[in-house]
Amino acid sequence: MIEKHQEEFREKVRAFALEQVEPAAARLDREQKFLEEHLKPMADMGLMSMLIPEEYGGKPVDTICYSIAVEEISRVCGATGITVAAHNSLGTFPIIKFGTKEQHEKYLPRATRELVAFGLTEADAGSDAGGTRTLAIKKDDHWLVNGSKCWITSATPAFATVATAKTTDDPKDKRITSFILEKAWKGYSCGKKENKIGLRASDTAFLHFDDLKVPFENQLGKVGDGFKQALITLDGGRISIGAMAVGLGQGALDCALKYAGERKQFGKPIAAFQMVQHKLSDMATELEAARLMVYEASRMKDARLPFSRHSAMCKLFASEAGRRATEGALDILGSVGILDNKYPVERLWRDVKLCEIGEGTSEIQRLVIARDLLKSIGM
Ligand SMILES: Cc1cc2nc3c(=O)[nH]c(=O)nc-3n(C[C@H](O)[C@H](O)[C@H](O)COP(=O)(O)OP(=O)(O)OC[C@H]3O[C@@H](n4cnc5c(N)ncnc54)[C@H](O)[C@@H]3O)c2cc1C
């Protein structure tokens with residue numbers, strides 16, 4: 001299934017992750033410090049522009065390569081994994097897909113080196129993302145935007161955010177529209193970084209828009225298309241969350257396997273005990289299944305086949321498999337597993353929980369899958 005160029009790409013990203021990202025992962029997690037230091041090396045590697053066309057300075061790769069990159073980075077650091085995934089899949093993708101030539105020229109070259117965020121979620125619009133309350137009202141030569149977004153990945157470091165808003169305060173009018181909003185504009189501000197149990201070196205914060213004047217040319221696509229655009233964006237994003245979960249689970253498995261070979265009890269390595277072997281087997285098997293689901297959804301996306309159901313399935317299965325793998329690894333490490341950052345497993349276990357929440361919870365993935373299944377029986 002994986003082609004030679006994709007394996008070669010994996011080797012390149014793995015080497016980068018081990019040399020540049022892993023050495024800082026525990027420290028950044030402990031200090032809850034945003035991973036600023038990784039941005040330049042990642043931009044130089046092309047990891048910030050994996051979907052951006054070459055004409056705008058991007059280093060585009062196919063979706064399997066993109067998933068491999070998120071997987072390999074997450075294998076050593078979930079915070080870096082989510083930062084890369086959110087920037088490529090959620091921040092830059094909608095500009096590429098729905099933007100005008102002028103918007104491409106203005107934003108994409110900068111996005112090859114600086115982060116773009118995606119603002120869909122609000123305090124009262126989480127799973128029900130259509131419940132957006134942020135309001136954009138037309139005034140003279142601009143939109144006037146007021147509202148707040150929460151849980152936004154890279155809210156603080158991002159130079160721009162693709163955000164959704166309603167364009168009328170009529171409660172019966174459910175239409176939502178997307179806009180590209182710039183951090184430098186007056187009326188755009190960020191809340192403080194959330195104190196999370198996992199992905200602590202990633203930036204997650206509120207964004208506030210207070211009488212933010214938005215030029216008409218920063219409307220993304222047509223009025224009323226924002227919700228549809230967000231769903232299309234999330235279809236791609238969910239593949240990257242699946243890849244992130246596979247990487248986190250694999251990082252935990254790698255550590256548990258090594259530890260099981262070294263730790264002796266009852267006069268032998270614990271890896272000699274069948275129950276430990278079975279746990280390792282189950283972790284490896286589930287992760288391999290999840291990985292194949294991620295690559296299959298990636299392949300379908302590139303082949304321009306309908307892939308919404310498959311992206312939901314791979315995110316659902318991979319995030320739950322990733323959670324089980326990190327839990328299994330914690331079991332194998334025994335007490336040392338829960339020491340703060342002595343082994344990476346506890347960090348990966350804390351990090352993987354997000355995969356069952358962000359870009360739609362597991363319950364929402366089950367709804368998406370069921371809806372698609374039921375269509376086939378006319379419901
Ligand atoms: C670290 C992190 C990064 C994030 N990054 C971003 C980002 O960059 N941009 C962005 O826009 N958002 C982001 N989010 C927000 C994330 O996508 C939402 O938190 C998520 O969609 C869930 O929304 P909620 O937290 O409001 O939960 P709720 O919607 O309140 O759900 C609470 C519970 O109710 C269940 N539930 C809700 N509705 C149903 C239903 N119909 N049927 C069954 N069960 C249901 C849910 O599954 C869940 O178990 C991020 C979140 C986190 C934690």
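**Figure 1. Pairing of strands E4 and E5 in the predicted model.** Within strand E5, Leu-181 is the bridge partner of Thr-161. A second pair in this view is formed by Val-162, which stands opposite Ile-180 of E5. In total, seven bridges connect E4 to E5 (residues 176–182), and the two strands run antiparallel. Six of the seven residues of E5 are buried, so this strand is largely enclosed by the rest of the structure.

**Figure 2. Strand E4 and its parallel partner, strand E1.** Strand E4 spans residues 160–166 and is mostly covered, with seven of its seven residues buried. The side chains of Ala-160, Val-162, Thr-164 and Lys-166 point one way from the strand, whereas Thr-161, Ala-163 and Ala-165 point the other way; the residues of both sets are all buried. Strand E1 (residues 116–119) is joined to E4 by four bridges, and these two strands run parallel. One residue pair of this view consists of Gly-119 and its bridge partner in E4, Ala-163.

**Figure 3. Pairing of strands E5 and E8.** Strand E8 comprises residues 219–220 and is joined to E5 by two bridges, the two strands running antiparallel. Here Phe-179 stands opposite Gln-219 of E8. E5 is thus shown with a further partner, having also been joined to E4 by seven bridges.

**Figure 4. Packing of helix H1 against helix H3.** Two packed helices are described by the angle between their axes and the distance between the axes. Helix H1 (residues 4–31) and helix H3 (residues 63–74) pack at an angle of about 25 degrees, and their axes are 9 Å apart. Angles under 35 degrees count as roughly parallel, and H1 and H3 are therefore roughly parallel to each other. Their crossing is right-handed. On the H1 side, the contact is made by Gln-6, Phe-9, Arg-10, Val-13, Arg-14, Ala-17 and Val-21, which meet Ile-64, Cys-65, Ile-68, Ala-69, Glu-72 and Ile-73 of H3. By residue class, the contact of H1 with H3 contains nine nonpolar, one polar and three charged residues.

**Figure 5. Surroundings of helix H9.** Helix H9 (residues 345–352) is mostly covered, seven of its eight residues being buried. The buried residues of this helix are Val-345, Glu-346, Arg-347, Leu-348, Trp-349, Asp-351 and Val-352. Their cover includes H1, together with helix H4 (78–98), helix H6 (226–262) and helix H8 (308–333). Helix H1 thus appears in this view as well as in the packing with H3.

**Figure 6. Positive phi at Trp-151.** Most residues other than glycine have a negative phi. Trp-151 is not a glycine, yet its phi is positive, at about 65 degrees. This residue lies in strand E3 (residues 142–153). A residue with 20 or more other C-beta atoms within 10 Å of its own is buried, and Trp-151, with 20 such atoms within 10 Å, is therefore buried.

**Figure 7. Positive phi at Leu-199.** Leu-199 is a residue other than glycine with a positive phi, near 50 degrees. The location of Leu-199 is the loop between strand E6 (188–190) and strand E7 (204–215). Leu-199 is buried, because 29 other C-beta atoms lie within 10 Å.

Conventions
Residues numbered from 1 in each chain as written. Predicted model: local features only at pLDDT ≥ 70, side-chain atom pairs only at ≥ 80, totals over all residues. Buried ≥ 20, exposed ≤ 12 C-beta atoms within 10 Å, placed from the backbone. Pairing = 2+ DSSP bridges. Axes fitted to C-alpha atoms, helices over the stretch in contact; angles between N-to-C directions. Parallel < 35°, antiparallel > 145°, perpendicular 65-115°, else oblique. Left-handed = near helix turned anticlockwise from the far one by under 90°. Contact = placed C-beta atoms within 7 Å. Nonpolar A, V, L, I, M, F, W, Y, C, P; charged D, E, K, R; others polar.
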